[in-house]
Every structure is written in C-alpha cells, then in structure tokens.
Amino acid sequence: MGVKKTENKAKMLNATQGLKNIMGRHFLAIEQAYRDAKPTAWATSGSPVEFLYMMDVQPMLPENSATVSAAQKYSQRFIELAEEEGFSYDLCSYFKTNVGAVLTNADMSKGGTRKPTFMLSTDVICDTHVNWFQVQAERFNVPHYTIDVPHVVSNTNQRQYDYFKNYVKEQLYELIDFIQEVTGHEYDEEKGREVALNSWNLSMVWQDIYELRKAVPCPISTRDTFGGLFPLFTMPGLKEPIKLYKRMYKEAKTRVDNGIGALDEENYRLMFEGIPFWYALKYFSTLEKYGAIIVYEPYTYAFSKFMNPNVTKEKLLNDPIDAMSELLLSFWYIYDLKTRIKKFAETVKEWKIDGVLLHENLSCRPNSCGLYDLKKHLLEDYDIPSLIINADMNDPRKFNEEQLTNQIESFIEILEKRKKR
Ligand code: SF4
C-alpha cells in the first residue's frame with residue numbers, strides 16, 4: 001500500500017527572508033572587526049557567547065560556518081581533507097569540516113573561519129567541542145579558554161547542585177579575567193546587563209514563536225526554524241535579531257488568527273529530534289507531500305537558553321553572571337534520559353504531535369545517545385510512535401535518500417493507520 005501524496009508545499013514566512021540580511025550583517029561585523037583590529041573569538045555552540053558581546057569581542061561560531069559549507073556543498077571535500085590528515089571517519093563532521101576549511105584557508109562564504117584572537121569552548125554539549133578547539137588553538141597558536149559544565153542528572157540533590165553552580169560561576173569570573181588579560185577589555189556591568197537583556201528578549205520571542213506552533217494547523221515549518229535558529233547562537237545579546245523574530249512572530253500570529261497553516265493540508269504533525277542534514281535541507285520538503293509538518297525541533301528550541309524557571313528576568317538583570325551559570329546547568333543536552341523522556345512526552349501532548357523522527361546522527365554522540373531507549377519508552381509508556389533515521393548533519397556520504405524515503409513512507413503509513421483506529 002502506498003501513502004497518499006499531494007502537491008503540498010509549506011509557505012515560508014516573508015519575515016524569514018530577513019534572515020539573510022541579519023546573517024550578512026554578522027559576517028560583515030566579522031570583516032569589520034579584522035579591519036578595526038578588534039579582538040575576535042571562536043566560540044562553540046552552548047558557550048556563553050554573551051560574554052564576548054559584553055566585553056566587545058566579535059564572536060565567530062565554526063559550527064555555524066560548517067553548516068554554510070554543507071549548504072554550499074563544500075563540506076564533503078573539507079571532511080575528506082581532515083580524514084587525509086588522520087582524523088577518523090567517525091569523528092564529528094562539523095569538526096572535520098572546520099579542519100578542512102582551515103587547511104584550505106576557505107573563504108567565509110564557503111564556511112571558512114578566520115584565525116581568532118582566542119577561543120572559547122565548553123563541554124556543556126560534548127567533549128568534542130573542547131578537543132576540537134584544543135587542536136585548532138594549537139594550530140593557530142592562540143589562547144583557549146574552556147568551561148567545564150557538570151551534567152545534572154535526576155538524582156543530583158540541592159547541595160550538589162549548588163556546588164555545581166558555584167563551580168561554573170567561578171569559571172565565568174575566570175573567563176572575564178581571561179578575556180581582560182588577552183584583549184585588555186574590561187567587563188562593564190551596565191553593558192553586561194544590556195547584553196543579557198537582549199539575549200533574554202531574543203529567547204523569549206523565539207519561545208513565543210514556538211508557542212504559536214501549537215496551533216492546528218501549524219503556522220510555521222522548518223523552512224523558517226532551521227535557518228531562524230542561527231541568530232540565537234551567533235548573536236545573543238544584539239538587538240537586530242530581536243526585531244526579525246518579532247516580525248516572524250507577528251506574521252505567524254496573523255496566520256494563527258486566520259486559521260492558516262504553513263501547509264494547505266496538514267495531515268500529520270511531527271517532531272524532529274537532532275541536527276538537520278544541512279547539505280540536503282530540501283529533503284524535508286518531501287514530508288510536505290504527505291501533508292506532514294514538523295511542528296517542534298528540540299534542537300532549534302534548545303538554543304533559546306532561558307528555559308529555567310529559576311532564572312527570571314529580574315534575577316538576570318540583578319546578577320547576569322549568577323544567572324548565566326544557572327543557565328549553563330539547565331541546557332537541554334545535559335538532561336539525563338529520564339528527564340528527556342518526560343520532556344518528550346509533555347511536548348508531544350502540548351504540540352499535538354502524531355509521531356517523532358529521531359535522527360541518529362552518525363558523527364554526533366550527544367545527539368544520538370539513548371535514542372533507542374527513548375523510542376522504546378515513548379511507545380511503551382506513552383504510545384508515541386517514532387522512527388530512527390540514520391544520517392549525518394554535514395557528511396553527505398552518510399545520507400541514503402532512497403532508504404530514508406522508504407522508511408519515511410512506511411512511518412507515514414503507520415501514522416495513517418493509527419489515525420483510523
Ligand atoms: S555535532 Fe555533536 S559531536 Fe559535533 S560538536 Fe556538535 S554536539 Fe559535538
């Protein structure tokens with residue numbers, strides 16, 4: 001039996017077109033920093049980029065650049081170059097893309113990242129981030145500061161948590177000293193609060209956008225969120241992206257108020273867990289033909305970092321450093337499996353999700369760890385069907401389109417049968 005296909009195509013928000021300008025400005029700001037001899041820093045995703053903006057350092061995120069390489073179809077070449085240098089086939093493809101881009105001195109338009117004044121990493125998401133920057137900091141001979149973030153598991157008691165928090169907070173104070181020493185820039189409390197407030201506002205609008213995705217039909221597809229994510233991790237602390245997100249929100253709200261969905265015919269609501277395949281983003285439109293729309297991605301939501309109810313706006317403005325240390329301890333990717341399963345079940349209910357796509361990312365351990373347990377518990381404990389997809393976010397060699405399409409079609413058939421139950 002085949003599944004019904006339509007000419008359905010998700011409508012992108014007009015406001016999302018502004019994303020190109022915002023990202024263009026980010027790259028121009030980097031160029032300008034080099035012209036003005038202003039300090040620059042590489043930062044891993046999940047690291048508190050706000051501190052760079054607070055101390056007038058221009059951030060550059062190699063992961064963001066790696067996605068550019070993939071979208072421009074350069075990543076495979078860069079990855080292969082890294083492998084020729086001895087890096088393993090199984091290693092993170094963002095890391096290898098960056099190695100290849102640096103080796104070839106690639107231009108920013110191809111995903112290249114210039115030599116920074118220093119590097120900032122954290123293991124909040126993965127150890128690869130730290131090792132990656134160690135390797136590249138040595139290559140460039142620049143200083144590297146890393147923040148060690150303990151993982152809070154379900155049995156962590158308050159005493160332990162407070163200990164963790166102070167441990168992270170101390171490192172944030174040391175980070176300020178480190179930046180001051182390397183750049184000569186001082187930490188200014190007023191600027192610190194201004195950047196923190198901008199970051200808060202950016203996150204809040206993103207969360208509001210996500211709230212709108214609860215509507216049936218859903219007003220926003222991944223055409224808006226996969227790209228829309230980037231300002232959250234490259235520009236938290238700046239005003240421009242807040243305006244863009246507000247425009248996205250306004251347009252989506254009008255859709256909701258008028259019962260308009262991103263898809264003309266919405267049959268299935270899905271969640272996509274994991275990093276998208278940046279070299280094959282078009283593949284996601286395949287789902288639209290079945291009337292399936294992704295209404296929630298933990299990955300794009302996770303970077304809206306102000307999700308800890310203990311961290312209020314007042315608390316943030318009162319003591320940004322204390323609040324940032326607490327936020328680092330509440331990042332989605334450090335949740336243990338038990339907490340993740342519960343969170344998934346709640347999300348499925350709230351966003352009225354019919355099925356979950358789990359990307360078992362062949363080069364990313366943190367994103368793939370526990371997926372089979374997650375799948376099992378979602379079905380057994382909450383009657384939520386899911387499909388595990390094997391691919392890679394940046395390495396097209398690990399993407400089998402035909403196999404994936406067969407899997408997706410079978411999954412849609414399952415969802416169809418469940419609807420008829
Ligand atoms: S893709 Fe995965 S392994 Fe690579 S840097 Fe990101 S979290 Fe770490």
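# Exercises on helix packing and the ligand shell

P62, E63, S65, A66 and S69 of α3 meet Y94, T97, N98 and A101 of α5. That contact opens a set of exercises on this predicted model.

**Exercise 1. Work out how α3 and α5 are arranged and what sort of residues they bring together.**

Step 1. Start with the geometry: the axes of α3 and α5 are 9 Å apart, and the helices pack at an angle of about 80°.

Step 2. Angles of 65 to 115 degrees count as roughly perpendicular, so α3 is roughly perpendicular to α5.

Step 3. Now sort the residues of the contact: 4 are nonpolar, 4 polar and 1 charged.

**Exercise 2. How many residues of α3 are buried, and what covers them?**

Step 1. Helix α3 spans residues 62-71, and 9 of its 10 residues are buried, which leaves the helix mostly covered.

Step 2. Put names to them: P62, E63, N64, S65, A66, T67, V68, S69 and A70.

Step 3. Look for the cover. It includes the strands β1 (40-43) and β2 (58-60), along with α4 (75-84), α5 and α10 (230-234).

Step 4. Take a peek just past the end of α3, where K73 has a positive phi of about 65°.

**Exercise 3. Which residues surround the ligand, and which element gives the most?**

Step 1. List the shell: C92, Y94, F95, I125, C126, T128, H129, C364, R365, P366 and N367.

Step 2. Assign them to elements. Those giving two or more residues are α5 (93-103), α6 (127-140) and α17 (365-368).

Step 3. Rank the elements: α17 comes out on top, with 3 residues.

Step 4. Check the chemistry. The shell has 7 nonpolar residues, 3 polar and 1 charged.

Step 5. Tie this back to Exercise 1: Y94 is in the ligand shell, and Y94 is also among the α5 residues that meet α3.

**Exercise 4. Is α15 enclosed or open, and what does it pack against?**

Step 1. Count the burial: 8 of the 9 residues of α15 are buried, so the helix is largely enclosed by the rest of the structure.

Step 2. The buried ones are P320, I321, A323, M324, S325, E326, L327 and L328.

Step 3. Find their partners: α2 (50-54), α7 (158-183), α8 and α14 (313-318).

Step 4. Pick out α7. The axes of α7 and α15 come within 9 Å and cross at roughly 125°, which makes α7 oblique to α15. The crossing is right-handed.

Step 5. Go down to residues. On the α7 side you'll find K165, V168, K169, L172 and Y173; facing them in α15 are I321, D322, M324, S325, E326 and L328. This contact divides into 6 nonpolar, 1 polar and 4 charged residues.

**Exercise 5. Compare the settings of L329 and G24: which is buried and which is exposed?**

Step 1. Place L329: it sits in the loop between α15 (320-328) and α16 (337-350).

Step 2. Count around L329. There are 21 C-beta neighbours inside 10 Å, and since 20 or more makes a residue buried, L329 counts as buried.

Step 3. See who touches L329. Setting aside neighbours within four places in sequence, the contacts are V149, V152, F164, K165 and V168. Two names should ring a bell: K165 and V168 also belong to the α7 side of the contact with α15.

Step 4. Move to G24, which lies in helix α1 (residues 18-35). It has 10 other C-beta atoms within 10 Å, so G24 is exposed.

Step 5. Check the spacing. G24 and L329 are 305 residues apart along the chain, and their C-alpha atoms are separated by 32 Å. From L329 to R365 the gap is 36 residues in sequence and 19 Å in space, C-alpha to C-alpha; R365 is one of the residues surrounding the ligand.

**Exercise 6. What is the relation between α8 and α11?**

Step 1. The axes of α8 (residues 189-212) and α11 (residues 240-257) come within 9 Å and cross at roughly 20°. The two helices are therefore roughly parallel to each other.

Step 2. Add the hand: α8 passes α11 in a left-handed crossing.

Step 3. Name the residues. α8 supplies N198, N201, L202, V205, W206, D208, I209 and L212, while α11 supplies P241, I242, Y245, K246, M248, Y249, A252, K253 and V256.

Step 4. Finish with the tally for this contact: 12 nonpolar, 2 polar and 3 charged.

Key
Residues numbered from 1 in each chain as written. Predicted model: local features only at pLDDT ≥ 70, side-chain atom pairs only at ≥ 80, totals over all residues. Helix = DSSP H or I, 4+ residues; strand = E, 2+ residues; numbered from the N terminus. Buried ≥ 20, exposed ≤ 12 C-beta atoms within 10 Å, placed from the backbone. Contact = placed C-beta atoms within 7 Å. Axes fitted to C-alpha atoms, helices over the stretch in contact; angles between N-to-C directions. Parallel < 35°, antiparallel > 145°, perpendicular 65-115°, else oblique. Left-handed = near helix turned anticlockwise from the far one by under 90°. Nonpolar A, V, L, I, M, F, W, Y, C, P; charged D, E, K, R; others polar. Near = placed C-beta within 6 Å.
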